[in-house]
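Colleague: I am new to this one. Please show me the structure, and then I will ask how you know what you say about it.

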Amino acid sequence: MSENFNFPSFAQQGQPQPQNLSRASDSSSREDNSRAGHDNLLPIANVGRIMKDALPPQAKISKRAKETIQECATEFIGFVTGEASERCRRERRKTINGDDICHAMRSLGLDHYADAMRRYLQRYRESEELAAALNSGGGGGIQIDVRAELSIFRGDEQQDRN
């Protein structure tokens, strides 16, 4: 039995079509499929781990379910990345960044995901700035005025206000 996963509605003019992601039941056909484009799929162990994290601990996931999500997630990532790449091409840039991904999601009608991605990207950038600031501080350590911090716990701060 063979199933084809091809999403023609995702195809855009001038972009190459993804390789046929057919699934065959015998092992020799699987090996041929692996050489014919399955190497470009997300790692199935990672997909399975993400799926497992979203389910109760006792839930089981079939191999076929993992493979289906693997193919769909790979296609989705390719679809969004293709849109972001097109934006970069129009703007004559060579590097796709997080803002390009957010813009691509929005332009594809995935506003909810774009909003969540924008929030994540903002928190990520803030944490990177904090890490850089901590690493560039004298000697790489954190400098804290311990007396000032302890005064908050002892109530000395209230005495300072009086």
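Modeller: Start with helix H2, residues 44–53. Its buried residues are Val47, Gly48 and Met51. This is a predicted model: local features need pLDDT of at least 70, side-chain atom pairs count only at pLDDT 80 or more, and totals for chains, interfaces and linings use all residues. Residues are numbered from 1 along each chain as its sequence is written, and side-chain values use heavy atoms, with hydrogens and water left out.

Colleague: What puts the buried residues on the same side of H2?

Modeller: They cover an arc of only 100 degrees around the axis, so they lie on the same side of H2. The arc is that of the directions from the helix axis to the C-beta atoms. An α-helix has 3.6 residues a turn, so residues three or four places apart point the same way.

Colleague: What is on the face turned away, and what covers the buried residues of H2?

Modeller: The face turned away carries the exposed residues Ile50 and Asp53. The cover over the buried residues includes H3.

Colleague: Why is Thr74 called buried?

Modeller: Its relative accessible area is 17%. Buried means under 20%, exposed over 50%, and partly exposed in between, with a 1.4 Å probe and protein chains only. So Thr74 is buried.

Colleague: Where is Thr74, and what does its side chain reach?

Modeller: Thr74 is in helix H3, residues 63–90. Helices (H or I, at least four residues) and strands (E, at least two) are DSSP runs, numbered from the N terminus. The side chain of Thr74 reaches the backbone oxygen of Gln70 at 2.7 Å.

Colleague: Is Gln70 buried or exposed?

Modeller: Gln70, also in H3, has 9% relative accessibility, so it counts as buried.

Colleague: What do Thr74 and Gln70 contact, leaving aside neighbours within four places in sequence?

Modeller: Contact means heavy atoms within 4.5 Å. Thr74 is in contact with Asn40, Leu41 and Leu42. Gln70 is in contact with Leu41, Leu42, Pro43, Ile44 and Val47. Val47 is one of the buried residues of H2.

Colleague: What makes a set of residues a nonpolar core, and which residues form the largest?

Modeller: The members are buried Ala, Val, Leu, Ile, Met, Phe, Trp, Tyr and Cys residues, joined through side-chain atoms within 4.5 Å. The largest such core has 6 residues: Val80, Ala84, Ile101, Ala104, Met105 and Ala114. H3 and helix H4 (98–107) each give two or more residues to this core. H4 gives the most, with 3. Ala84 touches Ile96, Asp100, Ile101 and Ala104, not counting residues up to four places away in sequence.

Colleague: What makes Arg92 count as exposed?

Modeller: Arg92 has 77% relative accessibility, so it counts as exposed. Arg92 is in the loop between H3 and H4. Its phi is near 55 degrees, a positive value in a residue other than glycine.

Colleague: How many helices and strands does the chain have?

Modeller: The protein chain has 7 helices and 0 strands. Of its 162 residues, 20% count as buried.

Colleague: Which elements have the lowest and highest mean pLDDT?

Modeller: pLDDT is the predictor's confidence in each residue, from 0 to 100. Helix H1 (residues 27–35) has the lowest mean, 47, and H3 the highest, 97. Over residues 1–31 the pLDDT is below 50. The mean for the chain is 76, and 60% of its residues reach 70 or more.

Note on methods: A polar contact is a pair of N or O atoms within 3.5 Å; within protein, one must be able to donate a hydrogen and the other to accept it, and residues adjacent in sequence count only if both atoms are side-chain atoms.
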